[in-house]
Amino acid sequence: MDWGFWLPQIMLFSSLIPALVIFLLRDEQFWLRTSLNLGGSAVKLVLAGIMAWGVLAEGRTYEASLPFLHNQELVLRVEPLSLMLVGLSSVLWFITTIYAIGYLENSPNRTRFFGFFSLCVTATIGIAMAGNLITFLIFYEMLSVVTYPLVVHRGTPAALAAGRTYLLYTLGGGVLLLLGVIWLQVLAGPVSFESGGAIDFLVDDHRTELIVIFGLLIAGLGVKAAIVPLHRWLPEAMIAPAPVSALLHAVAVVKAGAYGIVRVVYDVYGLELSDQLNVLLPLALFASFTIIYGSVRALGEFDLKRRLAYSTVSQVSYIALGTALIGPAATVGATVHLIHQGIMKITLFFCAGVFAEARNIHDIREMSGVGRSMPLTMSAFTLGAFGMIGVPPLAGFVSKWYLGLGSLESNAPWVIVILVASSVMNAAYFLPIVYKGWFGEPHEEIEVVEAERFQVAEAPWSLLGPALATAGISLLAGLLAAWAYSPLSLAEIVANQRMISP
Amino acid sequence: MTIDLLFDSILALTLAWLCWRVLSAPDLFKAVVLFIAFGLLMALAWVRLNAPDIALAEAAIGAGLTGALMLDAAGQMTGRSFPYIRNPEPAEQEVDHGEP
Amino acid sequence: MSLVGIWVILIPLICGLAAFAVGGRSSRVIGLIGAGLTFLLSGLLVLHVWQSGVWIYQLGGWDVPLGISLRADGLSAFLIGMTGAVGLGISLYAVRYFEALTPGPSQDPSAALRTGSGRGEESGAGDSPEAERGGTEVWLPGASYWPLWMLLWASLNVLFLSNDIFNLYVGLELLTLASVALIILQREQAAIVAGLRYLLAAFLGSMAYLLGVALIYADAGVLDLGLLADAELTGTATQVAGGLMAVGLLLKAALFPLHFWLPAAHSSAPAPVSAALSALVVKGAFYLLIRLWFEVFESAGTVSVEQMIGGLGAVAIVVGSFQAIRQERLKLMIAYSTVAQVGYLFIMIPLAGSFGDPEASWRFEAWTGGLYHALSHGFAKASMFLAAGVLLSALGHDRVWHLAGSASRFPVIYLSFGIAGMSLMGLPPSAGFVGKWLMLRSAVESGQWWWVVILLVGGLLTAGYVAIVLSQALQHDVDEHTEPHPVPKLMTVMVFALAAMSLLLGLRAAEPLELLEIGAPFQTLMSVVED
Amino acid sequence: MSEFLIYGLAAAALFAICLHGIITRTHILRKILALNMMGSAVFLLLITIAERNQVDGVADPVPHAMVLTGIVVAVSATAFALALARRYHAQTGHTELHDEDGST
Amino acid sequence: MENRDPIPDSGPIVRVLSIILGVALFGILATAVLDLDVEATGLTDTVMERIGESGVDHPPTAVLLNFRAYDTWLEVAVLLLAAWGALVLRQATRLPEQPAARSPGPVLDWLVRMLIPLAIVTGVYLLWRGTDAPGGAFQAGAVIGAALLLLRLSGYRSIGLFSAAWLRGSLLAGFAGFMAIATLLFITGWTFLEYPPAWAGLIIVIVELLITWSVAVSFVALFVAARPDDSATEPVGGER
């Protein structure tokens, strides 16, 4: 049996099949559904582990090509860069599944929720493993569609309105991406992802077209990566249940966009060609603007999830920014942030969900003193927030450090200003929450019996556990950054594969 | 030969004129009658064109049968009865068979 | 094996006649056997063409031009295969549909137009309203459905296999009459008006087509498509004939602005009939147009005419989609969606036509893309109409604004509707995506940017009306005044199966696309695409 | 001017007149009449072609066969259309196609 | 429904546009006709060369029932479908008997008694003649159908006597008989719709007979079924 061929496919099916079976179940079939979910995610986790071992320790590449059109194949490939997103999604799917089971207990339409949830993971894994542009496109569009039912899951008018906005943006972005991909393929033939890019030969005859296509591709991807001005759907979509916000809008959807940008710049155009076409500077500027804009908007939001959402807008653009800078350290920073941002932000969303569920807290002004009754949750939140700010030795620090190095390497010191400004603002919108949560007086309006006010009353373990787990991971990712299997090491491998002399 | 051609020309013109009349005669009944005449003249033209058997079919089916159908329909739609076709409505109540 | 092309016509006819002769309840059994066999035979025909290439058969042993020949190339096999699969799905659905018709469902809840209609075989044959005097047999809508549907199916196969332009005329008429008879099956007033309008429009289309046939015969002296293609006609008479035939077929295929008859006809028929009409019957006229356009009139076509037809297609996409968005009844919405999707099909004409370099590979790409879109539309639209039929049976209405919250009751139905909608939008992974991809590629390659815009905008407009339905259904608040009626499981399964097919055909398109190449026009271009 | 041209042009004229009739007349029966005559026009052209194609006094039998087939097809469609029209009329009293009778 | 106001035709704009369209169409068609060769032979020679093998002498019959039998076969199906559609419209499995509410007068009675046998003889003659001279199944069917219709309209019992099975059988006879013969030969190894040369004449006569009968009954059925039945003169549902 050719494992290289089958493993990527099994990886996909490990969430696709549970999804399809779940659709056939009734809401009440809790145990069957749960075991399917957990079983699927466990299988995925194990497979991700096997492939990580293969890729990192044995230097293997797993690849499956399936015939699709005349001269076009669907390619699933696992190499270091795809491994980053594969690993991230597998680990976080497992954790989020546990969280979601606890979170959605007894709410209606669970079958639908978990079915589409698993489909989303399938799409994300597909995006991660896509070995060529068309495969990427297919899973990217699939992700747009299968997320819609999750966004409107609550079925309230607000949710439906958010769903409309979401569809409008993502389908519009999909159209731009589709056009870009087709145009590029017409010029270059089937485009597969290759380190350093594979379309240099076009530059002499089609320079302008290449620039326009780059714009189309980045615009299409930028919608999901929430680059300003294409970001508006993200705060709206926060209407969705917490697990959705956590996994999809902190990890899957926005990461799909950011990952796509990484792929386009590094593996389709290649840094050299991108530099030659002068398209990186505009990307860096857009990303920088988004970083600042997102932070400013986050400062103005008092709804916890919306503040987190704007923080996501800001943080995800670190990836785009790092991608737009030329130099190994910037690449390391960009790619490692793919993972770091994911684990930190999911921690925060988990905690926000816990606060909402256990204390009905949606507004940060209601958070006063919540740390006294929920110290563990608040600790996890604090770890996540500090990571976001970039406090050493947490994961966020590692990302920012490499990004800073990269900006120096590529002679763009102004980027440091952006990073510093952003960190200051991160601190400005996170620290007050942390401070209030630990040291503020419990709010009058919260109906907590006086005796219980200082009582420890944590949420159930199915909700708390995942939050603690991801918080722990984000701590470890920073502490053990030098370990050979850490995200950082992986990012370094990725960067080495793609490096050119600046 | 010229007489033949003259005849053909007149026949063709008559056909066109009849066709126009069928579409514009104010009375629907008259239009249907003209339609039958059109069909018969058409059959005549086909005899001239060396197609007697097809002419026969046109006269029988095209003019005759279609014409009869049209007359019957025109009778219903104008509220007038086609002579002796529509008997006084008998008290033919629907026979409901109930469960077979 | 080589005679399977005859059997694929004969078997549905034999079964249809048997069902007619037997009448009553047993017609269902015969109809189902017919559907199963025809499906198998369609599959065998596809296999045969796949393995042995183009199949040609001289009927009666008379060579062309004296006799009539049948011909199955990749295109015919492709469409026969689609008809077979969609037909089987519709048949299985119809078994339960006509059984399950209960006093609840009506095409239109507001008009109390129903006497005999809608009472199924199970609900007591004694309901038959107008059992004729002295007759021992009673009227069952299902009993008439099966023979007519088998005949409709047979006439589609006749159309796809015939290689003679006059025989195609007879086939078209057969198709029209069978369709109209099916539309009026339940005798609702709306259906009768719609059927009548459809019949008149189709009659007019046939006459235009027949006049074209006459002119071609006068010019070329033969009726066989192959001989006509070899003749490479270019004269004025041929051009006029081409125009007439095209207009006639466009009327039957309902391209804007000749679509006026379609929405009412397709929406007022019983669900299995609506599905067959939108998914298959429209494709019959489309198929014939494509055949003539790219084989007989290849040398007579001009860029301006092609661009004009494409332009009508573009208008159809926009107008049809906006009309669909405005509709309050689901079946009408789906019917208008067909108007828009037919527009998509005709964008193929300018793309595969004579614009630019005649030897360019994009022509073949557009041709396959358009046909793949037709395939995807076949499955997706059938699924949508059948889904609407389920909702109609269960809720007694199909008003879009009263579907609120029904997604939790009919999850599979809406899932299928969503999948089918994806395919119509051309979102991956679906068969619609493959078609759209190929057409877009062709448009970009040939530099016809205006079609790129239309194709992309059309997809977004499609998303508009699909989203309206889905967001209604996903609402939390449920319309309580609708007490759903139980719907047989098989119906739901078929809705899903057809939607799933439209998805699966998008995951692996290589083989169907290869099938299309067999005996296709543009032989010289294919090597270019292949590399 | 030959027989062929006379009848050929007559067929063309009839076809055009009937098209005008179909478009402008609203009465269903007139539309059906016009369609029927349109059919006759096409058949006339076919028979004219058959006559043109004659060899040794035998007219081309293929168009003849086509016409015979066409006549039967036309009468079938006409009769069916009439049946529909009459039922429609009986139900509604209308003699032209009304959209509002549909359940829009 | 009694004499509603005459419905106005389409408006002046449509009218003018339609006239322009009509004139343009005439121009185009005339150009096409003028473009045609005045001399050509079409398929005449081809047919005449092989007519000896067809089993009949009359060229159109040879084309209809042998060379292009496929067309004819399907055409019978079209007729069947129309008749059937009309039956669907009545939701009937058989046709109503003409209510014999009044007896035909003596003159009419005499006329009918004379005409019916005459018509049937004519029909059979046309049919028989069709193999070598003008005439044939469709003409014969029309004449016999007319006779049946006359019988019915003058108050005699005719087609209403048919049971549902008889009616169906008669409608089907032409198409199904044709198909049965062709299928049997096909199964035994002949090409579809090919007749063994020795039997061709006989097969054609049988097929013509069957078609004649079907055509006759179909026409009557179409005529009778086209009339809205008594219950339908009030709107369906009876609620208006």
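Visitor: Where does A:Pro229 lie?
Guide: Start with the bond before this proline: from A:Val228 to A:Pro229 the peptide bond is cis, with omega near 10°. Helices are DSSP runs of H or I with at least four residues, strands are runs of E with at least two, and both are numbered from the N terminus. A:Pro229 is found in the loop between α7 (207-224) and α8 (233-236) of chain A.

Visitor: What kind of model is this?
Guide: Residues are numbered from 1 along each chain as its sequence is written, while chains are lettered from A and ligands numbered from 1 in the order in which they are written. Local features need pLDDT of at least 70, side-chain atom pairs count only at pLDDT 80 or more, totals for chains, interfaces and linings use all residues, and the model is predicted.

Visitor: Buried or exposed: which is A:Ala226?
Guide: A:Ala226 belongs to the loop between α7 and α8 of chain A. Its phi is positive, about 55°, although A:Ala226 is not a glycine. A residue is buried with 20 or more other C-beta atoms within 10 Å of its own, exposed with 12 or fewer and partly exposed in between, C-beta atoms being placed from the backbone. A:Ala226 has 30 C-beta neighbours inside 10 Å, so this alanine counts as buried.

Visitor: What is the omega of the cis bond between C:Val64 and C:Pro65?
Guide: Most peptide bonds are trans. C:Pro65 lies in the loop between β1 (55-58) and β2 (69-72) of chain C. The cis bond joining C:Val64 and C:Pro65 has an omega of about 5°.

Visitor: How do α11(A) and α17(A) lie to each other: roughly parallel or roughly antiparallel?
Guide: Helix α11 (residues 280-300) and helix α17 (residues 414-439) of chain A pack at about 15°, their axes 9 Å apart. Axes are lines fitted to C-alpha atoms, for helices over the stretch in contact, and angles run from 0 to 180 degrees between N-to-C directions. Under 35 degrees counts as roughly parallel, over 145 as roughly antiparallel, 65 to 115 as roughly perpendicular, and the rest as oblique. The two helices, α11(A) and α17(A), are therefore roughly parallel.

Visitor: How many charged residues are in the contact of α11(A) with α17(A)?
Guide: Among the contact residues are A:Ile291 and A:Leu299 of α11(A), and A:Met425 and A:Tyr429 of α17(A). Two residues are in contact if their C-beta atoms, placed from the backbone, lie within 7 Å. Ala, Val, Leu, Ile, Met, Phe, Trp, Tyr, Cys and Pro count as nonpolar, Asp, Glu, Lys and Arg as charged, and the others, Gly among them, as polar. This contact of α11(A) with α17(A) has 11 nonpolar residues, four polar and, for charged, no residues.

Visitor: Which helix gives the most to the side of chain C that touches chain E?
Guide: Chain C puts 54 residues into the contact and chain E 50. The side of chain C divides into 31 nonpolar, 15 polar and eight charged residues. With 10 residues, the most comes from α5(C).

Visitor: What is the radius of gyration of chain D?
Guide: Chain D has three helices and zero strands, and its C-alpha trace spans about 60 × 25 × 20 Å along the principal axes. The radius of gyration is taken over C-alpha atoms, and the globule rule is 2.2 Å times the number of residues to the power 0.38. A compact globule of 104 residues would come near 13 Å, but chain D has 18 Å.
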